[in-house]
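The following exercises concern the packing of helices and the pairing of strands in one structure. Each task is followed by a solution in steps.

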Amino acid sequence: MRVWLTTGTEIEQGLARLNPRLCYYVVLDVADAAVADAVLRRQPVDRLLLAGAAAGPSLLPLVRNALGDDRILKYLRGDFPPATAVPDVPVRLAEALRGLALGAPGDTVAHGLFPSTVTKLARLALTLRHEYPAEQVLAAAEHAYVSGRPYHAHDAVACALVHPDVDTTELVERYTKPGYDWRGWRSRRKTARIVAWARRHGYVAEPLRCECRHDRFAPPVYSWEAGRTLGNWIMIRPLLTLVARDPEQRCAVFRCIRCSRLWAEEVISMRHGDLYYGYPIAAADALAWLASKAAVKP
Ligand SMILES: [Zn+2]
């Protein structure tokens, strides 16, 4: 909704009413630049940032002038995850960003529970400034999609990925593994976009890709899923050396000569012969893994 503010009082009241959610529902424009400029010069920085997020073409250059900063303004007017890297926040703007962040990554907000884009962006920028303790951000990211949470805390995941003191290896592995949780594809796609964004801007290290493609496969849960691994197994078999075999269970453990990961091999008996397939396993001890495998068999 576009709102034209004409008098000084209207502009004053229009800016006073803005909050991190409302600035996505209204576009504020002004008829008289001189009047607006005088009002803007009297506004605190957090009002200016919100005004910038809601500003239409006639208001935006005035806010930019009053704020004396274009980078943060551009960032707050953008999407989440942002198109660019997270900008450094000048000290004089940090306090105002705290007002927009409405708490820590993953926190619900008073207006409609889930944080709006400007709030998520503010949390992200403050995270880079060490605003939130690493353990707190990591815990929020780990519980981001727990069922029963009021909202999917994509902001917590993004903040953990950019936090200078959070080790993101496990988090990335957890959220990029296929079939790891109960969420719908829209939410999972959003997480994938956040991880890709974090990789693109160097917040997360590129995964070490091995030709065995262990990062692409998971142990099959259902027997039909085993079929998906057949092609890969035939292809990577020359890369693997045998570590241990249990002929009774018709099961074996191999090690990749490039990355040292362990792979398990199993066999399906078909009418015309046996089909071997393999999948990566997390175990470090091949014999213990074979023994546990035997224990679960009927
Ligand atoms: Zn490998």
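**Exercise 1. The hairpin of β5 and β6**

Determine which residue in β6 stands opposite Ala264, and describe how β5 and β6 are paired.

Step 1. Ala264 stands opposite Tyr279 in β6. The model is a predicted one, in which local features need pLDDT of at least 70 and side-chain atom pairs count only at pLDDT 80 or more, while totals for chains, interfaces and linings use all residues. Residue numbers start from 1 along each chain as its sequence is written.

Step 2. Strand β6 covers residues 273-281 and runs antiparallel to β5, to which nine bridges join it. Strands are DSSP runs (E, at least two residues), as helices are (H or I, at least four residues), numbered from the N terminus; two strands pair if DSSP finds at least two bridges between them.

Step 3. Two residues lie between β5 and β6, which form a hairpin.

**Exercise 2. The open sheet**

Establish the strand order of the sheet, and then work through its remaining pairs.

Step 1. The order is β3-β4-β5-β6 in an open sheet of four strands with antiparallel pairing. β3 (240-246) and β6 are the edge strands, each with a single partner, so one side of each has no neighbour in the sheet. From one strand to the next, the twist averages 30°. Angles run from 0 to 180 degrees between N-to-C directions, and axes are lines fitted to C-alpha atoms, for helices over the stretch in contact.

Step 2. Six bridges pair β3 with β4 in the antiparallel sense. Leu240 has Cys256 of β4 as its bridge partner, and Asp246 has Cys251 of β4. The hairpin of β3 and β4 has four residues between the strands, and Arg250 there takes a positive phi near 55°.

Step 3. β4 (residues 251-256) and β5 (residues 262-270) pair antiparallel over five bridges. Within this pairing, Glu265 of β5 is the bridge partner of Ala252. The two strands form a hairpin with five residues between them, and Ser260 in the turn has a positive phi of about 70°.

**Exercise 3. Two contacts of α3**

Describe how α3 packs against α4 and how α3 crosses α6.

Step 1. Two packed helices are described by the angle between their axes and the distance between the axes. For α3 (residues 45-54) and α4 (residues 60-67), the angle is about 155° and the axes are 9 Å apart. α3 is therefore roughly antiparallel to α4 (angles under 35 degrees count as roughly parallel, over 145 as roughly antiparallel, 65 to 115 as roughly perpendicular and the rest as oblique).

Step 2. The crossing of α3 past α4 is left-handed: the near helix is turned anticlockwise from the far one by less than a right angle, whereas clockwise would be right-handed. Leu48, Ala51 and Gly52 of α3 make the contact with Leu60, Val63, Ala66 and Leu67 of α4, contact requiring C-beta atoms, placed from the backbone, to lie within 7 Å.

Step 3. The residues of this contact of α3 with α4 comprise six nonpolar, one polar and no charged. Here Ala, Val, Leu, Ile, Met, Phe, Trp, Tyr, Cys and Pro count as nonpolar, Asp, Glu, Lys and Arg as charged, and the others, Gly among them, as polar.

Step 4. The axes of α3 and α6 (residues 91-101) come within 8 Å and cross at roughly 65°. α3 passes α6 in a right-handed crossing. Val45, Asp46 and Leu49 of α3 meet Leu93, Ala96, Gly99 and Leu100 of α6, giving five nonpolar residues, one polar and one charged in the contact of α3 with α6.

**Exercise 4. The pair α9 and α11**

Characterise the packing of α9 and α11.

Step 1. The axes of α9 (residues 154-162) and α11 (residues 185-200) come within 10 Å and cross at roughly 20°. The two helices are therefore roughly parallel to each other.

Step 2. Their crossing is right-handed. In α9, His154, Val157, Ala158, Leu161 and Val162 meet Lys190, Thr191, Ile194 and Ala198 in α11. The contact of α9 with α11 contains six nonpolar residues, two polar and one charged.

**Exercise 5. Loop backbone**

Locate Pro81 and Leu102, and state the backbone feature of each.

Step 1. Pro81 is in the loop between α5 (71-76) and α6. The peptide bond from Phe80 to Pro81 is cis, with omega near -5°.

Step 2. Leu102 lies in the loop between α6 and α7 (117-128). Although Leu102 is not a glycine, its phi is positive, at about 50°.

Technical notes:
Two residues are in contact if their C-beta atoms, placed from the backbone, lie within 7 Å.
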